[in-house]
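Me: I would like to go through the labels attached to this model one at a time, asking in each case what justifies the word. Please set each value against its criterion before you conclude.

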Amino acid sequence: MDAGMLLVQKSIADHIHPTSLQTFSIADLGCSVGPNTFIAVDNILDSVKLKYLKPDKIPEFQVYFNDHTLNDFNTLFKSLPPNRDYYSSGVPGSFYTRLFPRASLHIVHSSYSLQWLSQVPREIMDPNSTAYNKGRISCIGDNEEVIEAYSRQHAKDFSEFLGARAQEVVPGGLVTLILPARPNGVRHSQDAFSIINDRMGACLVDLAKQGVIEEEKVDMFNLPQYITSPHEIEEIVKQNGHFDIVKMEGLPEVKASYRPSSPEEVSRGMRAIMGEIIKAHFGHEILDDVFRILQHKLANASDEKPGFELNLFVLLKRRQEPV
């Protein structure tokens, strides 16, 4: 079990309380197609079961798997563990909106999903805006207005995420989050996740210079992704007012050394994450070129100043008052 799931499991065991209800409901938001989602659910269930002293008092479990409507739910459910001890349902839709009935969930889990925004900030794609993000595809660079536009969109989205969960989670229920983040005080240009995104953007610029794709098409392509900081999370949770931050810590500790040991492996991983987004905007014909160039750039960047990397764990507890 990785460090993130160990902390999720321990946090749930420490802070969840047994219920006399016959059904205990868990939601995995941004589940993708597994198998990591099944591992996470099994670990959560194990933690909850430990709170019940008598086996005959353990409730039945209902697990909801959520992702966007375009997620391959057929593949997800074909891969369900055959000996699972929970009932399962798919819930398509954006987790920035309400997805479940009021006070129906006991635990919400989301892993490496909340860095994705509901949309790209409109002003960064407007050539007449001072926040126009020409020549880049992400929240990095010297234009502070681009960074502020991304930050505003993130604050809006995360506020809506918390607002929806505040209505869906029972009083005393838990929300566990794992997401890439920046250490407080670290600029996006120093963040390892953002640096790799920027290098991928440079690959697209290279292809535009070669005439493979249109420069205007590159300028209109931006990732709907924002790497937040612990301070930003704290402020938004405080403004929401319906959750307490029980725990927030890095997984692992902040590292000042980000040198991919295998550029090929990193490029392959980026293709798995970003390939569909690039294909939707530019077409599938350029995919091999983009990630071949990215692998080359990563291999030549081994002597550059490293970026900071932080994988953040956040445990929220729903306050007792109703919404």
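Me: What makes arginine 271 and aspartate 288 a salt bridge?

Reply: In this predicted model, the closest N and O atoms of arginine 271 and aspartate 288 are 2.8 Å apart, and since the criterion asks for a side-chain nitrogen of Lys or Arg within 4 Å of a carboxyl oxygen of Asp or Glu, the pair qualifies as a salt bridge. The two residues belong to distant parts of the chain, with arginine 271 in helix H8 and aspartate 288 in helix H9 (residues 287-299), 17 residues apart.

Me: Why is aspartate 288 called exposed, and why is arginine 271 called partly exposed?

Reply: Aspartate 288 has a relative accessible area of 52%, and because exposed means over 50%, that label applies to aspartate 288. Arginine 271 has a relative accessible area of 32%, and as values between the 20% and 50% limits count as partly exposed, arginine 271 is given that description.

Me: How many salt bridges does the structure hold, and which residues do shared partners join into one network?

Reply: The structure holds 17 salt bridges, and those that share partners join Arg98, Arg165 and Glu168 into one network.

Me: How do you know that glutamate 168 and arginine 98 form a salt bridge, and where in the chain do the two lie?

Reply: Their closest N and O atoms are 3.6 Å apart, which is within the 4 Å limit, so the pair counts as a salt bridge. Glutamate 168 lies in helix H4 (residues 144-168), whereas arginine 98 lies in the loop between E3 and E4, 70 residues apart, and the pair therefore links distant parts of the chain.

Me: Is glutamate 168 buried or exposed, and what is the label of arginine 98?

Reply: Glutamate 168 has a relative accessible area of 0%, and because buried means under 20%, glutamate 168 is classed as buried. Arginine 98, at 35% relative accessibility, counts as partly exposed.

Me: What separates glutamate 160 from lysine 156 along helix H4, and what makes their contact a salt bridge?

Reply: Being 4 residues apart in helix H4, glutamate 160 and lysine 156 are separated by about one helical turn. Their side chains meet at 3.0 Å, N to O, a value within 4 Å, so the criterion for a salt bridge is met. Glutamate 160, with a relative accessible area of 34%, is partly exposed, and lysine 156, at 44%, is partly exposed.

Me: Why are H5 and H8 called oblique to each other?

Reply: Helix H5 (residues 192-209) and helix H8 (residues 263-282) pack at an angle of about 50°, with their axes 12 Å apart. Angles under 35 degrees would count as roughly parallel, and 65 to 115 as roughly perpendicular, so the two helices are described as oblique. Their crossing is right-handed.

Me: Which residues meet in this contact of H5 with H8, and how do they divide by character?

Reply: Ile196, Asn197, Met200 and Leu204 in H5 meet Val266, Met270, Met274, Ile278 and Phe282 in H8. These residues divide into 8 nonpolar, 1 polar and no charged.

Me: What is noted about the phi of serine 32, and why is serine 32 called partly exposed?

Reply: The phi of serine 32 is near 60°, a positive value in a residue other than glycine. Serine 32 sits in the loop between strand E1 (23-29) and helix H2 (36-49), and its relative accessibility of 35% makes it partly exposed, because that label covers values between 20% and 50%.

Terms used
Residues numbered from 1 in each chain as written. Predicted model: local features only at pLDDT ≥ 70, side-chain atom pairs only at ≥ 80, totals over all residues. Heavy atoms only, no water. Axes fitted to C-alpha atoms, helices over the stretch in contact; angles between N-to-C directions. Parallel < 35°, antiparallel > 145°, perpendicular 65-115°, else oblique. Left-handed = near helix turned anticlockwise from the far one by under 90°. Contact = heavy atoms within 4.5 Å. Nonpolar A, V, L, I, M, F, W, Y, C, P; charged D, E, K, R; others polar. Buried < 20%, exposed > 50% of the residue type's maximum accessible area, 1.4 Å probe, protein only.
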